[in-house]
Amino acid sequence: MYRTGDLVRWGVSGELEYIGRTDFQVKFRGQRIELGEIESALVADVSVSVSSVAVVSTVTGDQLVGYVVPASGAVVDTAALVDSLGVVLPSYMVPSQIMVLDAFPLNASGKLDRKLLPEPVFEVAVFRAPVTAVEEIVASVFADVLGVERVGLDDDFFALGGNSLIATRVAARLGQALDAQVPVRVLFEASSVELLAARVESEIGSGARAALTARVRPERVPLSLAQQRMWFLNRFDTLSSANNIPVAIRLSGLLDVAALQAAVSDVVARHEILRTVYPEVDGVGFQEVLSADRVRLDVSPVVVSESDVVGAVTEFLSAGFDVAVEVPVRARLFAVSESEFVLALVVHHISGDGVSMGPLTRDVMVAYEARSRGEVPGWAPWRCSMRITRCGSVRCWGPRMIRRR
């Protein structure tokens, strides 16, 4: 029943309890990857005996590094090995450097001691500062969106940690700054500051995308393509929690429950997507936005012990939704003691995604801070810096962007 790599623990009854896997899955530059997949591709080369892959922090950011030991009598051509990896792996899984070792460092059990693997040395390229105004704008947008202190002409968007989702933000920001339409694909075709600046320079002043403004809502708002998929899966099985997106916030100290209740109501009133249901007519789903007074998320404290709080929160977050008749968000406050609480929030994927939970929790805290002072939250003006999704639709949720499925 158990395989190598399974993580288990002894239960109170003396039986093994399965917890999960201990595979070396990591998140690297926005992508979740299995290091074992890269290691398998390395040892598939006839010149490699054993391999290991690690994410190493360097002055130039996190780097993917491969370690190999040559097969008996073989010589490893690292350049050719990298080329062969590019054939079978996506580019973001190809190590930026491969180190050839005589043997791997082993621990007392004869297993690889990853802590003793040598640190790679990356050459730092000569910094070339942006020269033209367009180059300075591109470098500034890269630095701001990626959180990098200094960006030069030769810096590559993806090498700095960019990914496809962040690329949409960069394209939108550049479009606003240059009064032009900058397609996302341009970042994939010209991902360095110098090349991207050269590509977009000719488009300056050609006109940015039309501003997104509120319009009269039709009688029935259709589902986007991705929402149609979520809606169908939900109609098929309303008990499934596969599309639940949870967040749990530990709160320590004196808590004003009434202020928290008001704050949660403020957030629901602020964001229409949280009070949207998805009924159907003749088998076709549509979006129906409910008025704020029809939706109330009750956060009356539910007393639970410290030992049971994880289970209680998990059970609450795992309950399914019926999006045809109920709003796609739930909240519950668990009271562990007079000064320890857990606020659990869960949103169905038809109305949000993982990125949505950041702005959602931020707005709850902003509203709570205001309500605890007896004031109405002073929301920042909406800034429609929209992100276009693969389905071509958008969602604007507060001062920052949230994707609409």
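Let's start with arginine 330, whose side chain makes a polar contact with the side chain of glutamate 326, at 3.3 Å. Keep in mind as you look that this is a predicted model. Arginine 330 has its place in strand β14, which covers residues 329-335. The side chain of arginine 330 also reaches a piece of backbone: the oxygen of alanine 319, at 3.3 Å.

Is arginine 330 buried or exposed? Its relative accessible area is 18%, and because buried means under 20%, arginine 330 counts as buried. You can see which residues surround it by leaving aside those up to four places away in sequence: arginine 330 then touches Leu297, Phe316, Ala319, Gly320, Phe321, Ala344, Leu345 and Val346. Alanine 319 is on that list, and its backbone oxygen is the one that the arginine side chain reaches.

Now move along the chain to histidine 349. This residue lies in the loop between β15 (340-348) and α10 (357-372). Being in a loop does not tell you how accessible a residue is, so check the value: histidine 349 has a relative accessible area of 16% and is buried. A polar atom of its side chain lies 2.7 Å from the backbone oxygen of glycine 352.

For a contrast, find leucine 233 in helix α7, which runs over residues 225-236. Leucine 233 has a relative accessibility of 33%. Since partly exposed is the class between under 20% and over 50%, leucine 233 counts as partly exposed. Now look for asparagine 243, ten residues further apart along the chain from leucine 233: the two C-alpha atoms are separated by 9.2 Å.

Finally, let's look at a pair of helices. How do α3 and α4 cross? Helix α3 holds residues 133-146 and helix α4 holds residues 164-178; their axes come within 10 Å and cross at roughly 140°. Angles over 145 degrees would count as roughly antiparallel and those from 65 to 115 as roughly perpendicular, so α3 and α4 are oblique to each other. The crossing of α3 past α4 is right-handed.

Which residues make this contact? From α3 come Ile137, Val138, Val141, Phe142, Asp144, Val145 and Leu146, while α4 brings Ile166, Arg169, Val170, Arg173, Leu174, Ala177 and Leu178. Sorted by character, the residues of this contact are eleven nonpolar, no polar and three charged. Try picking out the charged ones, Asp144 of α3 with Arg169 and Arg173 of α4, as you turn the structure.

Technical notes
Residues are numbered from 1 along each chain as its sequence is written. This is a predicted model: local features need pLDDT of at least 70, side-chain atom pairs count only at pLDDT 80 or more; totals for chains, interfaces and linings use all residues. Side-chain values use heavy atoms; hydrogens and water are left out. Helices (H or I, at least four residues) and strands (E, at least two) are DSSP runs, numbered from the N terminus. Buried means under 20% relative accessible area, exposed over 50%, partly exposed in between (1.4 Å probe, protein chains only). A polar contact is a pair of N or O atoms within 3.5 Å; within protein, one must be able to donate a hydrogen and the other to accept it, and residues adjacent in sequence count only if both atoms are side-chain atoms. Axes are lines fitted to C-alpha atoms, for helices over the stretch in contact, and angles run from 0 to 180 degrees between N-to-C directions. Angles under 35 degrees count as roughly parallel, over 145 as roughly antiparallel, 65 to 115 as roughly perpendicular and the rest as oblique. A crossing is left-handed if the near helix is turned anticlockwise from the far one by less than a right angle, and right-handed if clockwise. Contact means heavy atoms within 4.5 Å.
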